[in-house]
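Biologist: I would like to learn how to read a ligand shell and a pair of aromatic rings. Please take me through a case.

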Amino acid sequence: MKRTMNFNPGPAALPLEVLEEAREEFLDFAGTGMSVLEVSHRSPEYDKVHNETQESLRRLLGIPGDYKILFMGGGASTQFYLVPSNFMRDHEPADYVLTGTWSKKAFKEAGVIGDARLAATTEENGKFTRIPKLEECRFSDGATYVHITSNNTIFGTQWHTVPDVSAPLVADMSSDFLWKPFDITDYAMVYAGAQKNLGPAGVTVVVIRDDFASGGREGLPTMMSYKTFINKNSLFNTPPCFAIYLVGKTLKWLEAKGGLEAQYKENVAKADLLYGTIGKYEGFYRSPVEPSSRSYMNVVFRLPTEDLEKRFIAESKDAGMNGLKGHRSVGGMRASIYNAIPLAWVEALADFMDTFAKRHG
Ligand SMILES: *Cc1c(COP(=O)(O)O)cnc(C)c1O
C-alpha cells in the first residue's frame, strides 16, 4: 500500500494505526454483527465508545470534574455563533482578539448577537503575521468573556502564552488542541473541530466549566443551548457517532504513545526541523511570521517567486507529498504537521526542501 505523505490543513492525516483498527472492526463492531455506522446511539456498545472517549480526554489533559466534555455538530464555525448566543448579555460587551481569518469570522458572528468589541488586531495590509503582546490588548471592564484563537491555521501563528485576563477566557483551539499539555483551568471554555488535530470532520469537542455554562442564557432553541448538551451528555439527539468513535481511537493512540508530554516533544522536533531548514536557506525560503509567534502546527513559508512556488508544489507531489499549498487567501506554502504526522514525513519534507533549494537557489 502506498500512503501519501499528507500535509493537508484539515481534514488532515489520521494515525495509520487508528485507520487500521477501524478497518478491522468495520463490519463487526464490538461483536454486534453490525458496523459501528449501523448501531443505535442508545446501545450499550455505543455508550461505551462515547464515555470512553470522554474519559481518555479527561486523563490526557487532567480535566477536573467541574468541566464537562461535549460532542457537538456543525463544526467550529457553529461555535462562532453559539458562544455569543449563550453568553453575551444585554449591555455587557464580549472582547475578541483578532489574529487571523477564523477569529475575524468569530468576531463577525458575535457582532450579530451583541456588543462585540475588538480587544486587539494584528491585521496589517490584510495579513496577520504575529500574535499581539498583552500590552496591546484593550480589554473591556465587565466583559462577559474574552475570545482568542489559539492557533491560526492559515497564517501559521500561535499563542505561546495564555493571556492573563480577568474575564472568562474562551478559545478556539481547532488546529492545536492537544498539541501539548496545557492547564484547562486557565479557560472557561475551549472548542475544537476534530478534523485538524483530533479525528475526522463531523464532531466538535467542547470543554466547558460548569459555572460558566450555568450562567448561559435561558430560553434559547434547544439545540443552541450548551445546557442541553450538558444535561443529556451530548445525547439529546443523535450524535456524530462515527466521528466520535474515531476521535476516541485517536485519543487512545495518543495515550499509548506516552500522552501529551511525548507528543509535545515530537511536535517540537518536527517544527524545529522545518523552521531550521527555512533558516538554513535564508534568501531562498522565507517565513513571513514573526519568530516568537510561529506555529508548531502550520508552518508557513514563501519561495523567491510564485513560479518557484508552483514548481515546489508540483515536484513535492511527485515525491509523494500532498497538501503543501498555502491557503488561497495568502499563497505560498504551508506544511500542516499535526499530531498524526510522523516525524519521518517531516524529515522527508526537510530533505526535499534541501534538494530543491540546492537545485533552484
Ligand atoms: C478550520 C478552522 C475552523 C473552521 O472549522 P469548521 O469545522 O470547518 O467550521 C475554525 N477555527 C479554526 C482555528 C480552524 O482552523
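Biologist: How many nonpolar, polar and charged residues does the shell around the ligand have?

Modeller: This is a predicted model. By class, the shell has 8 polar, 3 nonpolar and 2 charged residues. Altogether 13 residues surround the ligand, and the closest are Ser77, Thr153, Asp172, Gln195 and Lys196. Helix H3 (residues 75-87) gives the largest share of the shell, 4 residues.

Biologist: Which oxygen contacts does the ligand have with the side chains of Thr153, Lys196 and Gln195?

Modeller: An N or O atom in the side chain of Thr153 is 2.5 Å from a ligand oxygen. For Lys196, the distance from a side-chain N or O atom to an oxygen atom of the ligand is 2.7 Å. A polar side-chain atom of Gln195 lies 2.9 Å from a ligand oxygen. Of the 390 Å² of accessible area that the ligand has on its own, the protein covers 87%.

Biologist: What describes a pair of aromatic rings?

Modeller: The distance of the centres and the angle of the planes describe such a pair. The structure holds 23 aromatic pairs. Phe7 and Trp345 are edge-to-face, with 6.4 Å centre to centre and 65 degrees between the planes. Phe7 lies in the loop between strand E1 (5-6) and helix H1 (16-25) and Trp345 in helix H10 (residues 343-360), so this pair ties together parts 338 residues apart in sequence.

Biologist: Are Phe7 and Trp345 buried or exposed?

Modeller: Both Phe7 and Trp345 are buried. Phe87 and Phe212 form a stacked pair, 4.0 Å centre to centre with 25 degrees between the planes.

Notes
Residues numbered from 1 in each chain as written. Predicted model: local features only at pLDDT ≥ 70, side-chain atom pairs only at ≥ 80, totals over all residues. Heavy atoms only, no water. Near = heavy atom within 4 Å. Polar contact = N/O pair within 3.5 Å; in protein donor to acceptor, adjacent residues only side chain to side chain. Areas by Shrake-Rupley, 256 points an atom, 1.4 Å probe, with all protein chains shown as cover. Helix = DSSP H or I, 4+ residues; strand = E, 2+ residues; numbered from the N terminus. Nonpolar A, V, L, I, M, F, W, Y, C, P; charged D, E, K, R; others polar. Phe/Tyr/Trp six-rings, centres within 6.5 Å; stacked < 30°, edge-to-face > 60°. Buried < 20%, exposed > 50% of the residue type's maximum accessible area, 1.4 Å probe, protein only.
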